[in-house]
Amino acid sequence: MLTGVSFRLSPGQGLVLRGANGLGKTTLLRTIAGLQPALSGRIEGAGERAGYASHADGIKPALTVAETLRFWADLYRTDLPEDVFELFDLADLRDRPAGTLSAGQGRRLGLARLAVIGREVLLLDEPTVSLDAFSVKRFATFLREHHLGRGGIAVIATHIDLGLDLPELELEPHRAAPEAQGGSDEAFL
Amino acid sequence: MSIWSYANPRKFLDTTAPWVPWLMWLSALVLAVGLVWGFFFTPEAERFGSSVKIIYLHVPSALMAINAWLMMLVASLIWLIRRHHVSALAARAAAPVGMVMTLIALITGAIWGQPMWGTWWAWDPRLTSFLILFLFYLGYIALWAAIPDPDGAADLTSVLCLVGSVFAILSRYAVNFWNQGLHQGASLSLDKQENVADVFWIPLLVCMAGFVLLFLALVLLRTGTEIRARRIEALRNRARRTGAVRA
Amino acid sequence: MKALLGRDLRLAVRAGGGFGLGLAFFLIVVVLVPFGVGPEAAILARIAPGILWVAALLAALLSLDRIFALDHEDGSLPLLATAPLPMEMLALAKALAHWITTGLPLVVAAPVLGVLLHLPGQAMPWLLLSLAIGTPALSLIGTFGAALTVGLRRGGLLLSLIVLPLYVPVLIFGAEAARRGAEGLPATTPLLLLAGIGLGCVALLPFATAAALRVTLR
C-alpha cells in the first residue's frame with residue numbers, strides 16, 4: 001500500500017502520520033508492531049519495546065476498570081502505577097464493570113492501558129476517536145509529560161491536532177502505484 | 001534451469017495445459033484395457049465368485065485416496081516453506097479428487113462387502129479408517145472454501161493438512177486397536193494383495209496405472225482452473241485499484 | 001501466562017461467560033440417552049462408558065468457538081499478540097482456561113451421571129482417569145481448530161467439521177479404557193496411549209495454534 005516510507009526516531013521524539021483514510025496508516029502501524037510482515041524493508045528497535053493500540057480497545061464488559069488495568073500490568077509484568085486512574089480521569093470508575101462505560105470512558109480505559117504496559121515505543125492508531133475535547137487534552141498531556149518527556153517514542157496516526165507540536169509525516173507521496181499494490185496477486189498477472 | 005521455475009503460475013499453466021487432454025485419453029485407454037481385462041478375461045476366483053472383480057475399481061481408488069492426501073501434504077509443505085502459489089493451488093485442486101476416490105473406495109467396498117460378508121458395512125479397521133479419511137477431506141475442503149483471503153486460506157489449510165496427517169495416522173492405529181478390542185482377532189478384513197495370483201494381479205496393476213494417470217490428469221486440469229480463477233481475481237483487483245473497471 | 005489464564009477464568013465465571021453451559025449440555029445428553037435406548041439397566045450399563053465419553057466430547061466441542069471469537073470481536077487479540085507473551089504460550093493458556101472451565105467440570109460430573117446410566121462401581125476410577133487424561137487433549141485440539149476458524153462467518157459449524165475427525169483417536173482410547181475398566185479387563189494400555197496422545201498434543205499443538213493465529217491476525 002505504501003512504499004519508500006522511512007523514518008528514525010530517538011528517545012523523546014514523536015511522529016504523527018497523516019494521510020487519507022485507506023492509504024495504509026493502520027497497515028504501517030501494524031507492520032511496525034510486528035502483526036504482519038512488510039513486503040520489503042526493515043524495522044529496527046520496535047519489536048519487544050513496542051506497545052500497540054488499535055481503534056478497538058479490547059475491553060471485556062465483565063471486568064471492572066481496575067481489573068482490566070491490573071490484567072495488562074500483570075501480562076506485561078509491570079507494576080500498576082496508582083496515578084494512572086487520575087491521569088485518565090478514571091478514579092471514580094475504578095470498580096465499574098467496563099461494560100457499563102460510555103464510548104468515551106471506554107476509550108479512556110483503552111488508552112490508560114498504554115500508561116500501564118511500560119513500553120518505550122507506542123504505536124497509536126487513531127487514539128482520540130470518541131474522546132471529548134477535554135479528554136483529548138488530558139491524553140496529550142499524558143503523551144507529552146509521562147511518555148515523551150520520559151524518553152518514550154510515539155508514532156501516532158491521527159486526523160486531529162493533539163497540540164503536541166510533533167513532526168508530521170505526510171504519507172500521500174508514499175502511496176504505492178496501483179500496479180504495485182497487488183501483493184500476492186502479482187504472481188498471477 | 002531448476003524444477004522450481006515451474007512454480008511460476010504462467011509457466012506451469014503453459015507447460016501442463018497441453019498435457020491434460022493427452023493424459024485424459026491415455027488414462028481412459030489404460031483404464032479401459034485394465035477394466036475389460038479384469039472384468040471379462042480373468043477366471044472367477046473359487047472362494048469369491050465374480051464379485052471379486054470389483055477389486056479393479058476398489059483397490060486403485062483406495063490407493064489414490066491415500067496418495068492424494070500424501071500429495072496434498074507434500075504440496076502444503078512446499079507452500080509453507082517456499083511459498084509457491086502453484087503448490088498451494090495444487091493441494092486445493094487435489095482435495096476433491098482425493099475425496100471422490102475415498103468415496104469410490106467406500107462405495108465399492110460396500111458393494112463388495114454385501115455378498116462377501118453379508119453386510120453393506122462393518123466397522124472393520126480398514127473401512128473405518130477410510131471413513132475418517134473422508135471426514136478429513138471434508139474439513140479440509142470446507143476450510144478452503146470458508147476463508148476469503150487466498151494466501152491466508154493457503155496457510156491455514158496447509159497447517160490443517162500437516163496436523164491432520166498426524167491425526168489421520170494416529171486414527172489408523174487407534175482404529176486397529178479399537179476393533180481388536182471388540183472382536184479378539186476376528187477381523188473381517190481380507191488380505192488382498194498377498195492372496196492374489198498373477199492372473200488377477202497384472203490387470204490390477206494396469207487399473208492402478210490408469211487411476212494414477214486419471215488422478216494426474218484431473219489434478220493438472222483442476223490446478224490449471226484454480227490458477228486461471230486466481231488470475232481472473234487478480235486482474236479484477238487490479239482493475240478496481242486502477243479505477244479501470246469495465247462491465 | 002498466569003495473568004491471561006486468570007482473566008479468562010474470571011471472564012468465564014462472570015455473567016454471560018457461559019461457564020456451566022457445557023456441563024448442562026453434558027447432563028442433558030446423558031439424560032436423553034435412556035429415553036432413546038430404553039430404561040433397561042443392563043443395556044445402559046453396557047453403553048454407559050461410550051455414551052459418557054461421546055457426551056463429554058460434544059460438551060467440550062460446544063464452547064470451542066468462544067475461545068478466540070470474543071477476543072477477536074473486541075480487538076483484544078492483536079493487543080494480546082503484541083504483548084510480551086509468546087503466541088505459543090497464549091495458545092496454551094487459552095487451552096488451559098478452556099479445560100478448567102469445561103473439561104474439569106465434566107470430569108467431576110461424570111461419576112454422578114455414570115450412576116444414572118448404571119455404570120458399575122468398578123468402572124468409576126477408570127472413567128474418571130480416562131476423562132481426566134483425555135479432556136486436556138480435547139481442549140488443545142479444539143483450541144487449534146478455533147484458531148483456524150477465528151473470524152470466519154459460520155465458523156462454528158466449520159469448527160465442528162474440522163475438530164471432530166481430530167478427536168477420533170482420543171475418543172477411541174478414552175472410551176476403550178473406560179469400557180475395559182467397566183468389564184473388569186486390564187485398561188492400562190489404552191490409558192497409556194491416551195496419555196501419549198495428550199502429551200503429544202501439549203508438546204506440538206500450541207505451535208500449530210500459534211502459527212494459525214499469526215495467519216489470522218495478518
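The legends below describe close-up views of chains A, B and C in a predicted model.

**View 1. Helix α4 of chain B, residues 85-117.**
The end C-alpha atoms of this helix are 46 Å apart. At 1.5 Å a residue, its 33 residues should span 48 Å, so the separation of the ends agrees with the expected span. α4(B) bends by about 25 degrees at A95(B). A proline, P96(B), follows the bend within four residues. After α4(B) comes G118(B), which has a positive phi, near 75 degrees.

**View 2. The contact between chain B and chain A.**
Eight residues of chain A are in contact with twelve residues of chain B. On the side of chain B that touches chain A, α6 (150-182) and α8 (198-241) of chain B each supply at least two residues. α8(B) gives the most to this side, with seven residues. By class, the side of chain B that touches chain A has five charged, four nonpolar and three polar residues.

**View 3. The contact between chain C and chain B.**
Chain B gives 22 residues to this contact and chain C gives 20 residues. Three helices of chain C, α7 (124-148), α8 (155-182) and α9 (188-217), each supply at least two residues of the side that touches chain B. α8(C) provides the largest share of that side, ten residues. The side of chain C that touches chain B divides into 17 nonpolar, one polar and two charged residues.

**View 4. Annotated transmembrane regions of chain B.**
An unreviewed UniProt entry carries the annotation "transmembrane region" for residues 20-41, 61-81, 93-115, 127-147, 159-179 and 199-221 of chain B. In the model, residues 61-81 of chain B are 100% helix and 0% strand, with end C-alpha atoms 30 Å apart. Residues 159-179 of chain B are likewise 100% helix and 0% strand, and their end C-alpha atoms lie 30 Å apart.

**View 5. Annotated transmembrane regions of chain C.**
For chain C, the annotation "transmembrane region" in an unreviewed UniProt entry covers residues 12-37, 43-64, 96-120, 126-150, 157-178 and 190-213. The span of residues 126-150 of chain C is 92% helix and 0% strand in the model, and its end C-alpha atoms lie 35 Å apart. Over residues 190-213 of chain C, the chain is 100% helix and 0% strand. The end C-alpha atoms of residues 190-213 of chain C are 32 Å apart.

How values were computed
Residues are numbered from 1 along each chain as its sequence is written. Chains are lettered from A and ligands numbered from 1 in the order in which they are written. This is a predicted model: local features need pLDDT of at least 70, side-chain atom pairs count only at pLDDT 80 or more; totals for chains, interfaces and linings use all residues. The expected span of a helix is 1.5 Å times one less than its number of residues. The bend at a residue is the angle between axes fitted to the seven residues ending there and the seven starting there. Two residues are in contact if their C-beta atoms, placed from the backbone, lie within 7 Å. Ala, Val, Leu, Ile, Met, Phe, Trp, Tyr, Cys and Pro count as nonpolar, Asp, Glu, Lys and Arg as charged, and the others, Gly among them, as polar. UniProt positions are given in the numbering used here, feature names are shortened, and annotations may be inferred rather than shown by experiment.
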